[in-house]
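Biologist: Could you walk me through how to read the binding sites in a model like this one?

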Amino acid sequence: MAKRKLTKNQQRRIRQIHARHEKRADQDQPAEELLSGGDLGPEQSGVVIARYGSQADVEAPDGQIQRCFLRANLGAVVTGDEVVWRNGDPNGVIIASTERRSALYRPDNRGKMRPVAANIDRIFIVVAPLPEPFANLIDRYLVAAENQHIEAVLVLNKSDLLNTDQGQSTEQLIAPYRELGYPVLTVSAHNESGLRELRSELKDHTSVFVGQSGVGKSSLINALLPDVDTAVGALSEATIKGTHTTTTARLFHLELDGRGNEGRLIDSPGIREFGLWHLTAQEVAEGFVEFRNHLGHCRFRDCTHEAEPDCALLAAVDENKISPARLQSYRNIVQSLDMQ
Ligand code: GDP
Ligand code: ZN
């Protein structure tokens, strides 16, 4: 067979791939060197509280935090991952990571889905009278949560604005979700009403706050974490030399009542905007809890639930078992997935 000549573009791509491999090998080396050096402590468990390039901060069960290199071939290690690691001075090594119970994903800059946080078990979806909420966004977050078996709690913030017109319409928007079985908390970061209930919902969970910009997520998190924010910021600046300090997801401990009751919160700008890009239409439909009983009963297996005869979802709308707004919301989400 004739030897094919590589095009300039192919040559360039190959050079890039080689460069990437070399870079990766460089990054893996410190972990292997430390492991062969014999100065590391015994294997122990820990949780990743932040990830920085080829390193991660790991917290031991006693609260000690150690910057670690990652052993080769670990796969993606993200904030919230439970890991096996070995202590070292100044750096430890992560040896293995444990299977995740859940993960939130975002596309990287090449469009590939990457996990950004792991082992979250509660999503707090924050809405407020202002900026005006739209149900479709709530549904998107609910679908993402359901898909990962993460409990969802709706938080209606800015309750001090509830006696306005927008307040009334926001309450109307939220009411159907209560009927679907989702807990709804009414709170105000400004006058602190409802924060006690919010704290008790955070207890013993690893949570994230999501929602439109301006609904008050930062205000709520600041109210819940009066001092921790700055303390953690100081730690990262001293040890990280400025890499990704603002964008990486970070795990915070919430002291909920001063009596040792704790919750964990994972937060970053990226987490607040995580999305549904990787779901199929079927998975989206399963994320609508009240659809589940009807799925699989349409005449056509590939029913789009638009206008097909004998569509079980359309029949359920006719029987008032599914709201037309939620079915429309489902269609909007599926359409937006198709467009990507
Ligand atoms: P984020 O973008 O979701 O993090 O929202 P922020 O926490 O930055 O809040 C956006 C705006 O809403 C700020 O001007 C806050 O002062 C205001 N805000 C936050 N919580 C409340 C609240 O409970 N009541 C009222 N009236 N305003 C609030
Ligand atoms: Zn159908």
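Modeller: Sure, starting with the ligand 1 shell: its residues split into three nonpolar, nine polar and four charged. Here Ala, Val, Leu, Ile, Met, Phe, Trp, Tyr, Cys and Pro are nonpolar, Asp, Glu, Lys and Arg charged, and the others, Gly among them, polar. Keep in mind that this is a predicted model, where local features need pLDDT of at least 70 and side-chain atom pairs pLDDT 80 or more, while totals for chains, interfaces and linings use all residues. Side-chain values use heavy atoms, without hydrogens and water, residues are numbered from 1 along each chain, and ligands are numbered from 1 in the order written.

Biologist: Which polar contacts does ligand 1 make?

Modeller: A polar contact is a pair of N or O atoms within 3.5 Å. A polar side-chain atom of Asp160 sits 2.7 Å from a ligand 1 nitrogen, and one of Ser219 is 2.6 Å from a ligand 1 oxygen. Val215 uses a backbone N or O atom, 3.3 Å from an oxygen of ligand 1.

Biologist: And which residues coordinate the zinc ion (ligand 2)?

Modeller: Donors are N, O and S atoms within 2.8 Å of the metal (3.2 Å for Na, K and Ca). For the zinc ion they come from Cys298 (SG), Cys303 (SG), His305 (ND1) and Cys311 (SG), at 2.1 to 2.4 Å.

Biologist: What geometry does that site have?

Modeller: Four donors count as tetrahedral if all angles lie between 85 and 135 degrees. The zinc site is tetrahedral, with angles of 103 to 113°.

Notes. A polar contact is a pair of N or O atoms within 3.5 Å; within protein, one must be able to donate a hydrogen and the other to accept it, and residues adjacent in sequence count only if both atoms are side-chain atoms. Four donors count as tetrahedral if all angles lie between 85 and 135 degrees; four count as square planar and six as octahedral if opposite donors are over 155 degrees apart and all others between 65 and 115; anything else is irregular.
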